[in-house]
Amino acid sequence: MKKGVMRPGHIQLRVLDMEEALKHYRDLIGLIEVERDDQGRAYLKGWTEVDKFSVVLREADEPGMDFVSYKVLDNETLDKLHKDLIEYGCNVEEIPAGELNGCGRRIRFDSPTGHMFEIFAEKEQTGKWGLSKVNPEAWPRGLKGMKATRFDHCLLYGTNIAGTLDLFQNVLGFDLAEQVLDADGTRLAGFLTVSMKAHDVAFIEHPEPGKFHHASFFLNTWEDVLRAADLISMEDVSLDIGPTRHGLTHGKTIYFFDPSGNRSEVFCEGDYHYPDHEPVTWMAEDLGKAIFYHDRVLNERFLTVLT
């Protein structure tokens with residue numbers, strides 16, 4: 001049952017050196033740098049995104065994710081979900097409007113996997129970068145690097161994914177689109193969507209809570225993914241895996257690292273999900289093929305390098 005959560009809003013990542021990070025997210029991935037605030041945080045967006053920003057970078061002593069936020073329908077929905085999260089047992093904090101430039105008040109809450117999440121209803125909308133809101137051209141001139149279109153999803157590792165999946169499904173209204181089960185039927189991974197996408201967030205069971213695996217950015221075509229691979233080599237960026245295809249979600253993908261050690265993904269295509277679809281199931285014994293459909297072999301770095 002839908003609860004009024006519409007889509008991903010923004011993710012805040014910790015980076016060790018802001019200028020080096022911007023070379024990665026702005027110049028290589030191709031996000032648009034919107035502005036910086038009085039705390040020194042950098043705001044970025046993909047060129048197709050109508051909101052003012054979708055990625056916030058904060059310079060810190062260790063890499064990782066501070067939080068990821070989701071946009072809800074309106075302030076009435078925000079108030080209702082605020083109460084529901086408290087009743088569910090989450091630790092909840094209200095962040096005032098303007099704490100992030102151009103964003104309304106946010107409701108921040110914790111989760112059984114140890115990650116912090118937010119919901120919000122209002123954010124300044126500046127439109128697709130470089131395009132008119134009336135009679136827009138096909139794409140804007142002046143895009144950099146991989147020309148990423150949007151922040152799409154993140155993958156998070158932590159303890160008790162069953163608890164966080166329950167929170168997202170029963171309080172926030174996400175659907176379970178795909179899952180990985182072991183031989184006993186225990187769920188080791190869950191891919192959740194609040195839209196028609198294959199996933200808006202995913203979780204994998206891990207002995208340490210609150211770990212960040214990757215932030216993912218959407219490209220339009222397989223040719224764009226191959227071009228991204230060329231740019232990774234041209235810039236001597238640390239490559240994790242790819243280009244390849246996933247079994248899970250069937251997206252065509254490549255993974256690589258920012259200078260702080262945070263993993264990035266760019267991908268194209270992939271499955272779709274409607275609310276009446278049953279979850280797609282992969283078995284843990286076939287995890288190699290589920291993650292890397294072509295090689296069918298697990299990359300140990302992909303499973304263990306987290307921030």
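Aspartate 61 is exposed in this predicted model, with a relative accessible area of 82%. That puts it well on the outside, because anything over 50% counts as exposed. Aspartate 61 sits in the loop between strand 4 (55-59) and strand 5 (64-72). It also has company: together with Asp17, Glu59 and Glu62, Asp61 makes up a negative surface patch.

Strand 4, which leads into that loop, has partners of its own. Strand 1 (residues 5-15) runs parallel to strand 4, and 5 bridges join the two. One pairing to look for is leucine 13 with leucine 57 of strand 4. Strand 3 (residues 42-45) also pairs with strand 4, this time in the antiparallel sense and over 3 bridges. Here tyrosine 43 has valine 56 of strand 4 as its bridge partner.

Next come the salt bridges, of which a search of the whole structure turns up 25. Arginine 14 and aspartate 66 form one of them, with their closest N and O atoms 2.9 Å apart. This pair ties together distant parts of the chain, since arginine 14 belongs to strand 1 and aspartate 66 to strand 5, 52 residues apart. Arginine 14 counts as buried at 15% relative accessibility, and aspartate 66 is buried too, at 17%. Both get that label because the cut-off for buried is under 20%.

Another salt bridge brings together the side chains of arginine 41 and glutamate 99, at 3.3 Å from N to O. Again the link spans distant parts of the chain: arginine 41 lies in the loop between strand 2 (32-36) and strand 3, while glutamate 99 lies in the loop between strand 6 (92-95) and strand 7 (106-109), 58 residues apart. Arginine 41 is buried, with a relative accessible area of 3%, whereas glutamate 99 is partly exposed at 26%.

Lysine 197 and aspartate 152 meet in a salt bridge as well (3.4 Å, N to O). Lysine 197 is in the loop between strand 11 (187-193) and strand 12 (201-205), and aspartate 152 is in strand 9 (residues 150-158), 45 residues apart. Aspartate 152 counts as buried, with 2% relative accessibility. Elsewhere, Glu19, Arg26, Asp27, Glu33, Arg36 and Lys144 are linked in a network of salt bridges.

Back on the surface, Met196, Tyr272 and Tyr274 make a nonpolar patch of about 340 Å². Tyrosine 272 is found in the loop between strand 16 (263-268) and strand 17 (280-283), and it is exposed, with a relative accessible area of 55%.

Conventions. Residues are numbered from 1 along each chain as its sequence is written. This is a predicted model: local features need pLDDT of at least 70, side-chain atom pairs count only at pLDDT 80 or more; totals for chains, interfaces and linings use all residues. Side-chain values use heavy atoms; hydrogens and water are left out. Patches are made of residues with over 30% relative accessible area and no salt bridge: like charges are joined within 9 Å, nonpolar side chains (Val, Leu, Ile, Met, Phe, Trp, Tyr) within 5 Å. Accessible areas come from the Shrake-Rupley method with a 1.4 Å probe; for residues, only the protein chains shown count as cover. A salt bridge is a side-chain nitrogen of Lys or Arg within 4 Å of a carboxyl oxygen of Asp or Glu. Lys and Arg count as positive and Asp and Glu as negative; His and the chain ends are not counted. The place of a charge is taken as NZ of Lys, CZ of Arg, CG of Asp or CD of Glu. Helices (H or I, at least four residues) and strands (E, at least two) are DSSP runs, numbered from the N terminus. Buried means under 20% relative accessible area, exposed over 50%, partly exposed in between (1.4 Å probe, protein chains only). Two strands pair if DSSP finds at least two bridges between them.
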